[in-house]
Amino acid sequence: MTRQRVAILGSTGSIGANTLDVIARHPERFEVLALSAQRRIDELAAQCRQFAPRFAVVPDATAAQALRERLGATKVDVLEGPGALVEIAAHPDADAVMAAIVGAAGLAPCLAAARAGKRLLLANKEALVVGGALFMQAVKEGGATLLPIDSEHSAIFQCLPEDRGVWPQRIDHIVLTASGGPFRQRNPATLRDVTPDEACAHPNWVMGRKISVDSATMMNKALEVIEARWLFDLAPEQIRVVLHPQSIVHSMVVCRDASVLAQLGTPDMRVPIAYGLAWPDRIASGAGQLDFMQLPALTFELADPLRFPGLPLAWAALAGPAGSTAVLNAANEVAVAAFLAKRIRFDRIHAINAHTIERVQPAAASAASLEGLLALDAEARRIAERHVEMSK
């Protein structure tokens with residue numbers, strides 16, 4: 001068997017680390033071509049020593065020098081800067097690209113991988129939230145194989161036939177499940193007092209701080225609604241959200257005949273990662289199997305709009321001009337960073353997001369190119385940052 005060469009963009013985050021865990025279980029199937037990290041140089045160096053990639057990518061010359069010093073005589077070609085990420089994503093020797101960079105920064109390399117026709121394992125939901133039609137057009141024109149890694153979108157994908165042409169005849173609507181995060185039962189009046197550590201203490205999943213805050217506000221689900229609209233070519237009204245605190249049912253497809261197809265599993269990201277790496281095969285992921293005799297009752301409930309006012313912004317942004325979802329994503333990245341830095345209260349995240357969407361009206365051509373989207377992203381960040389300053 002020819003081994004699949006994998007480039008992992010964002011290898012020191014939770015998705016990247018879990019990807020390497022799965023790869024290590026199947027050395028006969030996979031080899032690591034490239035790794036990248038933003039800040040965790042020590043962790044990246046340890047990964048390079050273990051997996052011996054041909055390339056490692058870091059953000060700048062200072063980080064590159066630090067990594068080279070740590071690697072010593074190790075034969076890893078250390079590259080630097082955003083352009084290097086694009087180069088690696090489209091590298092002719094990369095069979096698969098795990099896109100696990102958080103935020104809009106992942107859009108350019110994702111577009112490069114799509115245009116190069118790669119097997120693109122998409123954990124960076126912002127590539128679709130920001131890129132939308134432009135990104136899907138790149139996938140089509142490049143002949144890329146797009147495989148979702150978010151547990152919810154992987155669940156939907158696993159419930160559908162391989163022939164995408166029959167999806168419109170099968171699907172009535174889809175249901176994305178959400179745990180509700182750490183504040184599902186908290187008094188909404190007390191949310192203003194939430195600390196960053198409290199917001200990052202997810203009850204079911206181990207994730208990075210940014211996505212943990214997004215889970216606490218349910219903005220992660222808002223972004224997933226937008227992602228699902230593009231991944232599965234659905235109308236916004238065909239996408240619904242339900243709280244499922246046990247995180248066992250990862251999402252559901254409701255068919256036109258009223259049948260419901262669901263994917264179940266333990267809350268372990270190695271399951272969708274292994275599925276994406278091996279698709280259409282299935283391989284051992286390292287996750288534990290469900291013990292149905294030990295499972296608690298599975299419950300479902302509506303999201304409380306007082307606790308999670310950000311969730312409806314998904315449908316509002318989808319109903320707005322092209323580029324509105326990019327504005328929402330940019331505002332949220334600014335607001336979450338400000339909250340984690342203790343510059344604003346937790347309840348101000350939604351206020352900043354809603355304010356920015358109202359203030360920034362994308363021009364018709366904004367979403368037609370990467371340059372236009374990046375300019376729109378920058379404008380939204382300026383408006384959001386100004387509102388952060390006013391919120392102090």
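The exercises below work through salt bridges, a surface patch and cavities in a predicted model.

**Exercise 1. Find the salt bridge that D21 makes, and decide whether its two partners are buried, partly exposed or exposed.**

Solution. Begin with the general idea that side chains of opposite charge can pair when their charged atoms come close. In this structure the side chain of D21 meets that of R25 in a salt bridge, with a distance of 2.8 Å from N to O, which is within the 4 Å that the definition of a salt bridge asks for. Next, turn to accessibility, where buried means under 20% relative accessible area and exposed means over 50%. D21 has a relative accessible area of 26% and is therefore partly exposed, and R25, with a value of 41%, is partly exposed as well. This pair belongs to a structure that holds 24 salt bridges.

**Exercise 2. Work out which parts of the chain are tied together by the salt bridge between D150 and K125.**

Solution. First confirm the contact: the side chains of D150 and K125 form a salt bridge at 3.4 Å, taken from N to O. Then place each residue, since D150 lies in the loop between β7 (145–148) and α7 (151–158), while K125 lies in the loop between β6 (119–122) and α6 (126–142), so the pair ties together parts that are 25 residues apart in sequence. Finally, consider the surroundings of the pair, for D150 and K125 are both buried.

**Exercise 3. Describe the salt bridge of R381 with D377, giving the place of both residues and the accessibility of each.**

Solution. The closest N and O atoms of R381 and D377 are 2.6 Å apart, and the two residues form a salt bridge. Both of them lie in helix α16 (residues 370–391), where they stand four residues apart, about one turn of the helix. For accessibility, R381 has a relative value of 24% and so counts as partly exposed, whereas D377 has a relative accessible area of 9% and is therefore buried. Elsewhere, salt bridges also join into a network, which links R5, R54, D93 and D95.

**Exercise 4. Name the residues that make the nonpolar surface patch, and locate F300.**

Solution. The patch covers about 530 Å² and is made by L264, F292, M293, L298 and F300. Of these residues, F300 can be placed in the loop between α12 (270–278) and α13 (313–319). With a relative accessible area of 42%, F300 is partly exposed, and this value fits a patch because patch residues need over 30% relative accessible area.

**Exercise 5. State how many cavities of 30 Å³ or more there are, and set out what lines each of them.**

Solution. Rolling a probe the size of a water molecule over the atoms shows where empty space is left. The count comes to two cavities of 30 Å³ or more, and the largest has a volume of about 60 Å³. Eleven residues line this largest cavity, and the closest to its centre are S151, H250, Q263, V271 and P272. The elements that give two or more residues to its lining are α7 and α12, with α7 giving the most, namely three residues. Sorted by class, the lining of the largest cavity has three nonpolar, seven polar and one charged residues.

The second largest cavity holds about 30 Å³ of space. Its lining consists of L146, P148, F157, R164, W167, L231 and F232, which by class gives six nonpolar, no polar and one charged residues.

Terms used:
Residues are numbered from 1 along each chain as its sequence is written. This is a predicted model: local features need pLDDT of at least 70, side-chain atom pairs count only at pLDDT 80 or more; totals for chains, interfaces and linings use all residues. Side-chain values use heavy atoms; hydrogens and water are left out. Buried means under 20% relative accessible area, exposed over 50%, partly exposed in between (1.4 Å probe, protein chains only). Patches are made of residues with over 30% relative accessible area and no salt bridge: like charges are joined within 9 Å, nonpolar side chains (Val, Leu, Ile, Met, Phe, Trp, Tyr) within 5 Å. Accessible areas come from the Shrake-Rupley method with a 1.4 Å probe; for residues, only the protein chains shown count as cover. On a 1 Å grid over the protein atoms alone, a cavity is a set of points where a 1.4 Å probe fits but cannot get out, and a pocket is an open set with protein on both sides within 12 Å along at least five of seven lines; lining residues have an atom within 4 Å of a point. Grid points are joined across faces, edges and corners, and a volume is the space filled by probe spheres set on the points. Ala, Val, Leu, Ile, Met, Phe, Trp, Tyr, Cys and Pro count as nonpolar, Asp, Glu, Lys and Arg as charged, and the others, Gly among them, as polar.
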